[in-house]
Amino acid sequence: GILIDPMWNSFEQFLNDMGERPASMSLERIDNGGPYCKANCRWATPSEQLLNTRRNHIITFNGHSQPLQVWAVKIGMLYKTLSARINDLHWPIERALTEKVHPYVRKV
């Protein structure tokens, strides 16, 4: 059920649209629900492609949409902590992304 631009039946047209494959990259659809076409494809690294899957939890904050994993790295928080705040504790996105992590003190 994935559509491909009929123009890409010609390898020459595909090459004209996308250029040579850069080293260590492969073709990725920007919108996974869309077709393979010039407007919806780019060359991406394996790690970039892992962030562009339907399984990712996309978070929008201050006008920026990114996968949960990217937000965690950006704010310096463990992925598991941020995920728990949003999915288990049901914190609002702003609070989950901005409240400092309190160190766990273990009582002995």
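Two strands pair if DSSP finds at least two bridges between them. The exercises below apply this and similar criteria to a predicted model.

**Exercise 1. Determine in which sense strand 3 and strand 4 pair, and describe the hairpin they form.**

Solution.
1. Strand 3 covers residues 58-61, and strand 4 covers residues 64-67.
2. Four bridges join these strands, in the antiparallel sense. The cut-off for pairing is at least two bridges.
3. Across the pairing, T60 stands opposite S65 of strand 4.
4. Two residues lie between the strands of the hairpin, and N62 takes a positive phi near 50°.
5. On strand 3, I59 and F61 make up the covered face, while I58 and T60 make up the uncovered one.

**Exercise 2. Classify the ring pair of F61 and W71, and state which elements it ties together.**

Solution.
1. The ring centres of F61 and W71 are 6.1 Å apart, and the planes meet at 75°.
2. Centres within 6.5 Å make a pair, and planes over 60 degrees apart count as edge-to-face. The pair of F61 and W71 is therefore edge-to-face.
3. F61 belongs to strand 3 and W71 to helix 3 (residues 68-75), so the pair ties together parts ten residues apart in sequence.
4. Both F61 and W71 are buried.

**Exercise 3. Apply the same steps to F14 and W43, then place the two residues in their cluster.**

Solution.
1. There are four aromatic pairs in the count. One of them is F14 with W43, at 6.2 Å centre to centre and 80° between the planes, which is edge-to-face.
2. Because F14 lies in helix 1 (residues 11-18) and W43 in strand 2 (residues 41-44), the pair ties together parts 29 residues apart in sequence.
3. F14 and W43 are both buried.
4. Ring pairs link W8, F11, F14 and W43 into a cluster.
5. Helix 1 has the highest confidence in the protein chain, at 97, whereas helix 2 (residues 46-50) has the lowest, at a mean of 83.

**Exercise 4. Describe the two salt bridges and the exposure of their partners.**

Solution.
1. The side chains of R42 and E28 form a salt bridge at 2.7 Å, N to O.
2. R42 is in strand 2 and E28 in strand 1 (residues 26-29), so this contact ties together parts 14 residues apart in sequence.
3. R42 counts as partly exposed at 36% relative accessibility, whereas E28 counts as buried at 5%.
4. In the salt bridge of E99 and R95, the closest N and O atoms are 2.9 Å apart.
5. E99 is partly exposed at 26% relative accessibility, and R95 is partly exposed at 37%.
6. R95 also lies over the face of W91, 3.7 Å from the ring centre.

Key: Residues are numbered from 1 along each chain as its sequence is written. This is a predicted model: local features need pLDDT of at least 70, side-chain atom pairs count only at pLDDT 80 or more; totals for chains, interfaces and linings use all residues. Side-chain values use heavy atoms; hydrogens and water are left out. Rings of Phe, Tyr and Trp (its six-membered ring) pair if their centres lie within 6.5 Å; planes under 30 degrees apart count as stacked, over 60 as edge-to-face and the rest as tilted. Buried means under 20% relative accessible area, exposed over 50%, partly exposed in between (1.4 Å probe, protein chains only). A charge sits over a ring if NZ of Lys or CZ of Arg is within 6 Å of the ring centre and within 35 degrees of the ring normal. pLDDT is the predictor's confidence in each residue, from 0 to 100. A salt bridge is a side-chain nitrogen of Lys or Arg within 4 Å of a carboxyl oxygen of Asp or Glu.
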